Every structure is written in C-alpha cells, then in structure tokens.
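Please load the model in your viewer with a cartoon representation, and keep a selection prompt open, because each stop on this tour begins with something to select.

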Amino acid sequence: MRSMAEQVGTCATCGAATATSRRRHARYCSNACRQRAYRQRANEPGTAALDSFIGRAGELDRLTTFADARVLTLVGPPGVGKTRLAKEFTNGQAHWVELSSASSQVARACATALGIGEVTGEPVLSALVRALAGRTTVLVLDDCEHLAAECAALLEPLLLGCQGLRVIVTSREPLRVPGEVLFAVQPLPITCAVELFADRARANQLGLRLDDRAALTTLCARLDRLPLAIELAARLVTVLPVGELLAHLDDRLELLNRGNRTAAERHQSLRAAIEWSYDHLSADEQHAFRCLSPFPSFGLDVAVAACDLPADRVLALLSSLVAKSLVTSAGAGRFEQLESVRLYGREKLAEQAEVVLARVARTAEPAVARTLSEREQQVVALVAAGRSNVRIGAELKISLRMVETHLQRVRQKLDLSTRTQIADWVINAEGGSPRA
Ligand SMILES: Nc1ncnc2c1ncn2[C@@H]1O[C@H](COP(=O)(O)OP(=O)(O)O)[C@@H](O)[C@H]1O
Ligand SMILES: [Mg+2]
C-alpha cells in the first residue's frame with residue numbers, strides 16, 4: 001500500500017505538492033523546478049566522474065553507519081580523496097555545493113545548488129529554511145576548509161530549522177559545529193594505490209607494460225599513497241619511466257604539475273594543493289610547519305627544540321596543524337608528516353633562510369654586518385628565522401659547540417644579548433618580519 005505522501009506527490013526540487021493524475025504523479029510542480037533539477041543534475045559530480053574508482057569499499061560501508069549524523073565531515077590532507085569519496089557515497093543523490101572557488105557567501109552558493117529562487121529583501125538563510133523545512137535533503141558542502149567558520153555559522157541555524165536536512169562536508173579541517181561527526185579519510189591501501197597508478201598510467205599510454213611491481217610499490221608508498229600525487233605521477237609515464245620517476249621523487253613538487261585541465265587550479269599540481277593549506281595558516285603555524293619539515297616523525301621535545309618556542313605554545317601549534325591535516329598524530333606522543341607535505345615545508349624553510357640571509361647582506365648597518373664572517377651571517381640568519389641551535393648545527397653541518405661559539409661572537413660584535421634581539425636586528429635592517 002502506498003503511503004500518504006506518495007499519493008499526494010511532492011515536487012522533487014522544492015517539495016511543494018504536485019498535481020496527481022490517475023496514472024502517475026508529476027515529478028515537479030512547475031517547469032521552473034524541472035529546469036532547476038536538470039541544471040543541478042548537470043552540476044552533480046556524483047554522476048560526472050568519468051574515470052574508475054578504486055578501493056574504498058570499507059569506507060563506503062562505514063559511511064552508511066553514520067546515517068543519523070546531521071553533519072558528517074570527511075577530513076584529511078590535500079588530495080587524499082575526500083571529494084571523490086563523497087561523490088561515490090552520495091552517487092548523485094545529493095545537492096552538491098562546490099566551495100573550492102568560493103571566497104564567501106556559502107548561503108548563496110547553497111541556494112543556487114538547491115535551485116532556490118531569491119525573494120527580494122528576504123535573507124538567504126530564511127529562504128533556505130523556508131525551502132528545506134519539512135523536506136528530506138542531503139547537501140554536500142565540498143572543499144570547505146577556507147570557509148570553515150562561515151559554513152559552521154550557516155549550518156547551525158539551518159540544521160535547527162530543517163529537521164530533514166543532512167549535510168556531508170569535505171574539508172581539510174573540522175567545521176566544529178554541534179552534531180558534527182568526523183570521518184578521517186586515510187591514504188589508499190598500498191595495493192589500491194598501485195592499482196590506481198597502473199590504471200591512470202595505462203589511460204595515458206595505451207598498452208603500457210608495468211612489470212616491476214616492487215618499483216611501483218615503492219613509488220606509491222613514497223607518494224604517501226595519496227590519490228592526487230599518484231594520478232599526477234601517472235601522467236608522467238609518457239616521458240619518464242617508473243625507475244626515473246622514482247629517482248626524481250625529491251623533485252616531485254616541480255614535476256607533479258600537470259593535472260586535469262578541468263580540475264580546480266589547486267588540484268592541477270601537488271605544490272598548489274599543499275600551498276593552499278600553507279597559505280591559510282597563521283604566521284606562527286607557518287613557522288612551526290617550516291621548522292618541523294626536516295622530521296618525518298617526531299615527539300614534542302624535538303618539536304620544541306625545532307620551533308624554539310615554549311612547550312605549551314608548540315603543543316597548541318601542533319594541535320592546529322593536526323586539525324588542518326598537515327601533521328598526523330601517530331599516538332604515544334609521536335607526530336608524523338606525509339613526505340610530500342614535508343618536502344613543501346622544506347622548500348619554504350630554504351626560501352625563508354634565503355630571505356633572511358639576503359636581509360643580513362643588505363643590512364642598514366653595513367659596517368657592523370661586514371665585521372661578521374660569512375658563517376656568522378648564516379648563524380644570524382638562521383637564529384632570526386627561528387631555528388634552534390641544534391637545527392642550525394644540522395643545517396650548516398657544524399657541531400653544536402661551533403654554533404654556540406659563532407653565536408657568542410655575533411653577540412659581542414653586534415652588542416646584543418638575546419636571540420630575540422638578534423632577530424629584531426635583522427628585522428630592523430630590512431623593515432620587515434623574517435617570519436612573514
Ligand atoms: N579511490 C579513488 N579511486 C580513483 N580515483 C581517486 C580515488 N580517490 C581519489 N581519486 C582521485 O584523486 C584526485 C584527488 O582526489 P580528491 O577527492 O579531489 O581529493 P581531496 O578532495 O581529498 O583533495 C581526484 O582526481 C580523484 O578523482
Ligand atoms: Mg576536495
């Protein structure tokens with residue numbers, strides 16, 4: 001027997017009652033709603049994935065167990081496959097709001113995706129509540145990390161006003177909205193990672209033979225089993241055989257830069273994907289991120305020494321970097337970084353040291369600066385860049401005792417006693433901040 005709702009019929013777009021004939025219900029209440037539905041479907045990435053989807057059966061199963069969650073947030077590092085997993089999970093059955101290119105106005109983007117027309121003078125939030133109240137709707141907010149606060153501010157009243165609304169979010173960091181359930185998307189298991197590489201490589205070069213399983217496994221492991229990095233690497237097989245690719249993995253940020261033209265700009269290269277996260281960090285988070293880049297795995301003591309900041313501050317910065325998916329907490333007080341992310345940090349660290357060195361060389365007090373030996377200038381630069389003595393020793397390949405001796409001479413020559421004063425001296429020389 002049919003339910004009451006089925007007999008009455010509701011519009012698939014706006015939920016209003018629809019005309020019912022003896023044989024069938026109208027799917028839409030008006031032509032406008034039918035056209036909105038067509039426009040929406042054309043934008044639905046769930047139906048738009050043209051390449052094969054690999055693995056993730058376990059994730060898809062587990063996601064179905066969160067049917068009660070009002071906000072389900074898929075979190076994880078850049079390129080791990082959050083968006084793709086959300087697409088496969090919702091399979092074209094959700095309204096998709098793509099936020100990667102939006103700089104604000106999340107509510108308006110939602111209204112557009114839902115095909116909700118605006119009434120002059122009515123706040124967009126009220127229009128959304130009016131249209132969604134009493135309806136069962138799944139909304140996907142894709143790529144939200146840069147708009148986390150705005151998304152959270154919108155979702156709270158929206159979810160309260162619309163009991164039938166469920167939201168699936170993809171983001172590098174949680175929205176921190178009441179009722180949010182977090183689902184951490186992990187890199188692919190190694191066998192799936194290899195399968196993905198082989199699939200995309202063969203699509204790029206028909207008939208390609210990939211016999212060296214061991215090399216493929218190493219390649220995918222060093223690419224952190226990240227689908228984005230693997231897809232970008234697979235594009236290179238036409239010009240670089242796998243062995244060559246492996247040999248050049250330290251230059252991956254230079255090499256992995258030819259993504260799909262249709263992908264968002266920050267998914268066309270590995271560097272752009274990570275840069276997007278780095279650019280959205282505070283200056284202190286950036287400092288910690290750079291200082292931690294030499295260490296694939298570390299504990300709090302190493303982090304404190306590397307960042308040269310008090311332990312409580314370092315812990316707070318580490319928590320933010322973990323929340324933003326740039327550092328992973330490995331349990332038992334250990335932290336880890338993906339190799340690609342770490343290489344990006346190292347690049348930034350090197351840039352920073354160069355910037356500071358250039359500042360010292362161009363100092364406003366050339367007479368004083370000239371009295372510093374080249375090595376002392378390097379030490380000054382690294383102190384100003386926030387490096388600890390241990391790190392300076394490691395970077396300049398000199399002993400800790402030598403670092404201390406150089407620092408002692410610098411203090412005498414510049415007549416400065418603390419590291420902060422040395423950093424200030426460099427900053428004042430250029431009129432900027434070495435951490436900027
Ligand atoms: N399981 C998978 N099978 C096939 N391709 C995948 C898979 N996961 C991700 N991809 C592809 O990898 C790229 C990056 O994934 P994406 O979901 O955009 O990452 P994220 O949203 O986490 O930044 C996309 O081209 C996507 O289609
Ligand atoms: Mg995404």
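The tour below moves through a predicted model, with stops at the ligand, two sheets and a pair of helices.

**First stop: the ligand**

Select ligand 1 and display its surroundings, which comprise 18 residues, the closest being Gly81, Lys82, Thr83, Arg84 and Pro227. Colouring this shell by residue class will show seven nonpolar, seven polar and four charged residues. If you then highlight the helices, α4 (82-90) and α10 (227-234) will each be found to supply at least two residues of the shell. Where does ligand 1 lie with respect to domain 2 (44-184) and domain 3 (190-272)? Colour the two domains separately, and you can follow the reasoning: both give residues to the shell, so ligand 1 lies between them.

**Second stop: the five-stranded sheet**

Now select strands β1 to β5, which form an open sheet in the order β2-β3-β4-β1-β5, with parallel pairing. At its edges are β2 (95-98) and β5 (180-184), each of which pairs on one side only. Looking across the sheet, you can follow a twist that averages 20° from one strand to the next.

For a view of one pairing, restrict the selection to β1 (residues 71-75) and β4 (residues 165-171), which run together in the parallel sense over five bridges. Within this pair, label Val71 of the one and Val167 in β4, since these two residues stand opposite each other.

**Third stop: the three-stranded sheet**

Move next to β6, β7 and β8, an open sheet of three strands with the order β6-β8-β7 and antiparallel pairing. Here β6 (297-299) and β7 (328-331) are the edge strands, and because each has a single partner strand, one side of each is left without a neighbour in the sheet. The twist in this sheet averages 35° from one strand to the next.

Zoom in on β6 and β8 (residues 334-336), whose antiparallel pairing extends over three bridges, and label Ser297 together with its bridge partner in β8, Glu336. Then turn to β7 and β8, which also pair in the antiparallel sense, over three bridges, with Gly331 standing opposite Arg334 in β8. These two strands form a hairpin with two residues between them, and a backbone view of that connection is worthwhile, as Ala332 takes a positive phi near 50°.

**Last stop: helices α5 and α6**

Finally, select α5 (residues 106-114) and α6 (residues 124-132), whose axes come within 9 Å and cross at roughly 35°. The crossing in which α5 passes α6 is left-handed. To see how the helices meet, show the side chains of Ala107, Arg108, Cys110, Ala111 and Leu114 on α5, and those of Val124, Leu125, Ala127, Leu128 and Ala131 on α6, since these residues make the contact. Sorted by class, the contact has nine nonpolar residues, one charged residue and no polar ones.

Terms used. Residues numbered from 1 in each chain as written. Chains lettered and ligands numbered in written order. Predicted model: local features only at pLDDT ≥ 70, side-chain atom pairs only at ≥ 80, totals over all residues. Axes fitted to C-alpha atoms, helices over the stretch in contact; angles between N-to-C directions. Helix = DSSP H or I, 4+ residues; strand = E, 2+ residues; numbered from the N terminus. Left-handed = near helix turned anticlockwise from the far one by under 90°. Contact = placed C-beta atoms within 7 Å. Nonpolar A, V, L, I, M, F, W, Y, C, P; charged D, E, K, R; others polar. Near = placed C-beta within 6 Å. Domains from an automatic or database assignment. Pairing = 2+ DSSP bridges.
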